[in-house]
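Hi,

Here is the structure I said I would pass along. Have a look at it first, and then read on for what turned up.

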Amino acid sequence: MPDGVVIGAGPNGLVAANLLADAGWSVEVLEEQAEPGGAVRHDQGVDPGFVSDLFSSFYPLAAASPVLAGLRLDEHGLRWSHAPEVLAHPLTDGRCAVLDRDIAATAASLDAFAPGDGDAWRQLHQVWELLRTDLVHALFTPFPPLRATARLALRLRAAGGLRMARTMILPVRRMGREEFRGEGGRLLLAGNALHADLAPEAAGSGGFGWLMAMLGQTYGFPAPVGGSGALTAALTSRLEARGGRIRCGRRVDRILVRGGRAVAVRTAAGDEITARRAVLADVSVPALYDRLLDDEHLPARLRADLRRFEWDFATFKVDWALDGPVPWAAEQASRAGTVHLADGVDELTRFAAQIATRQVPDRPFLLFGQMTTADPTRSPSGTESAWAYTHVPQEIDGDAADEGITGRWDTADQERMADRVEQQVERFAPGFRSLIRARRVLAPPTLQALDANLHGGALNGGTAALHQQLFFRPIVGTGRPETCVPGLFLASAGAHPGGGVHGAPGANAARAALHRGRPPGLTRAQRLLTHRDRTGSRS
């Protein structure tokens, strides 16, 4: 009987399991898929000579995360690689905004759009340097982060107080106009805001875009050497070295509650695995409350609030094996690991408005990844392992391009949308399609089939909008990993602080379980003896 059962071997589940094992718990992780990793996996499914990340690829939040730093995954083989430039946002007129880890290079790029915008970027970066340590700790520690928030409030006062707070909650369109004279800085902020489901006119999108841009400025957008699964391999190696067990192909169908406490799980095969101390669920919020728990264990108010839960945008992704480098019209884009493709902030607004009105966008905003540029191990010399993803509505009423995409995501829908994605790339890189050796389409249902937490390809575990953050995440009045069932903890991106690969939801759940999850009926001395018997420790 393990002390802790973790449902889901995504990065948050694996982080939680590692921290429980560090505390001396016996841990069993149950994963529905045939391999661990969740949305952090790679394969060679596009072409045998090319490594392709199935989902996520670049990890600025992982690089900044004190949670992952504390696990010392380099001791388990994890290595990071960087593209020469962090990010580029080209325009069809040949201009290009560039984010570089060298702030002088970033500033020079923005000065090319409007003299003085480089200094404006430096000023935003100075604010980041003042706030960074306490802001990162506030983001990645359990809610409410009282100590970090108190320190952050003092530093915020030094950075401009209420004026700076106002800037952080601005829509990114407004923030860009207030901070920059030219389009370059505005593009870097707005494109980064749309890594989440935050339109240029959404409150708080300015702060999110600033955060992502400053993470890139400081840490870059690193990629694991050899493929995204190398991060998963390091987490699993570390866990197994501490006695943890991962069992794949084990779908959990029910969390069993007895005596008012979560005590076990039942798999689809009918096996019952008892948890002596706690169950941690790295699953989506709807899956936890609508599928894994019986209604009798849910308060009426919770059930009502769950009906207001909002997913983030759905995702459509294409992977390519390319016979040569992407022929960007703006040469600066050739050195970036990540390239944003939209012809200005107005086109970003148009894209987000079409999603809001349940239309498949006719000119999709693309996040384009050049993985061989970032990590030369990904494909043979002179080629490129590349991908692009865009967002589409979770529910589709029409096609803004009037080309018949229905939202059924059958073969016809997939081919039409993949062609549209490639046409968008061609606007910025004429001749791109002539380089395609092979492609793979990952439509919203495909992404969900590969990872059940990605509902329709939703990457964030729920919207990143302000109404579902902090003490509103995942529903009103929550914000912590504890659930309404004692002994059960939410460990997924559905919990604070949300999506991204940083491990914080898993770490927060593990800490809560360690605080509350003592085996019932044992004295402190008995618990110590149990730990000594299992570990052989006499200290």
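Let's start with a single side chain: does Trp409 count as buried or exposed, going by its relative accessibility? Trp409 counts as buried, because its relative accessibility is 8% and the cut-off for buried is under 20%. You'll find Trp409 in the loop between β19 and α16. Its backbone is worth a look too: phi of Trp409 is near 55°, a positive value in a residue other than glycine.

Asp402 sits in that loop as well, between β19 (398-399) and α16. Asp402 also has a positive phi, about 55°, although it is not a glycine. Its surroundings are another matter: Asp402 has a relative accessible area of 70%, so it falls in the exposed class, which starts over 50%.

Before going further, a word on confidence. This is a predicted model. The chain averages a pLDDT of 93, and 92% of the residues score at least 70. The stretch to treat with care is residues 520-539, where the pLDDT is below 50; in the model this stretch makes 15 contacts beyond near neighbours in sequence. Where pLDDT is low, the predicted coordinates should not be read in detail.

Helix α16 and a long-range pair

Helix α16 covers residues 411-428, and Ala412 belongs to it. Ala412 is partly exposed, because its relative accessible area of 36% lies between the 20% and 50% cut-offs. If you want a distance to check in your viewer, try Ala412 to Thr167: the two are 245 residues apart along the chain, and their C-alpha atoms are separated by 44 Å.

Phe113 and helix α9

Now go to the loop between α4 (103-111) and α5 (117-140), where Phe113 is located. With a relative accessible area of 14%, Phe113 is buried. What does Phe113 touch, not counting residues up to four places away in sequence? The list is Leu91, Arg95, Cys96, Ala97, Gly182, Glu183 and Gly184. For one of these, Ala97, there is a distance as well: Phe113 and Ala97 are 16 residues apart in sequence and 8.1 Å apart in space, C-alpha to C-alpha.

Helix α9 spans residues 183-193 and is mostly covered, with ten of its eleven residues buried. Gly184, which Phe113 touches, is one of those buried residues. Others in the buried set include Arg186, Leu187, Leu188, Leu189 and Asn192.

Three strands and two hairpins

Strand β10 (residues 252-258) runs antiparallel to β11, and six bridges join the two. Within that pairing, Val257 stands opposite Ala262 in β11. Two residues lie between the strands in this hairpin, and Gly259 there takes a positive phi near 65°.

On to the next hairpin: β11 pairs with strand β12 (residues 272-274) in the antiparallel sense, over three bridges. Val265 has Ile273 in β12 as its bridge partner. This hairpin has four residues between the strands, and Gly270 takes a positive phi near 95°. Strand β11 itself (residues 261-267) is mostly covered, with five of its seven residues buried.

The second largest pocket, and Gln354

How much space lies in the second largest pocket? About 390 Å³. The pocket is lined by 18 residues, and the closest to its centre are Glu310, Trp311, Phe313, Ile355 and Ala356. By type, the lining divides into nine nonpolar, four polar and five charged residues.

Gln354 has its place in helix α14 (residues 345-356). Gln354 is buried, with a relative accessible area of 12%. Leaving aside neighbours within four places in sequence, Gln354 is in contact with Gln359, Pro361, Asp362 and Ala400.

Two cis peptide bonds

Last, a couple of backbone details. The peptide bond from Arg473 to Pro474 is cis, with omega near 0°. Pro474 is found in the loop between α17 (444-450) and β21 (488-490). A cis peptide bond also joins His496 and Pro497, with omega about 5°. Pro497 has its place in the loop between β21 and α18 (504-516).

That's the tour. Shout if anything is unclear.

Cheers

Notes
Residues are numbered from 1 along each chain as its sequence is written. This is a predicted model: local features need pLDDT of at least 70, side-chain atom pairs count only at pLDDT 80 or more; totals for chains, interfaces and linings use all residues. Side-chain values use heavy atoms; hydrogens and water are left out. On a 1 Å grid over the protein atoms alone, a cavity is a set of points where a 1.4 Å probe fits but cannot get out, and a pocket is an open set with protein on both sides within 12 Å along at least five of seven lines; lining residues have an atom within 4 Å of a point. Grid points are joined across faces, edges and corners, and a volume is the space filled by probe spheres set on the points. Ala, Val, Leu, Ile, Met, Phe, Trp, Tyr, Cys and Pro count as nonpolar, Asp, Glu, Lys and Arg as charged, and the others, Gly among them, as polar. pLDDT is the predictor's confidence in each residue, from 0 to 100. Contact means heavy atoms within 4.5 Å. Buried means under 20% relative accessible area, exposed over 50%, partly exposed in between (1.4 Å probe, protein chains only). Two strands pair if DSSP finds at least two bridges between them.
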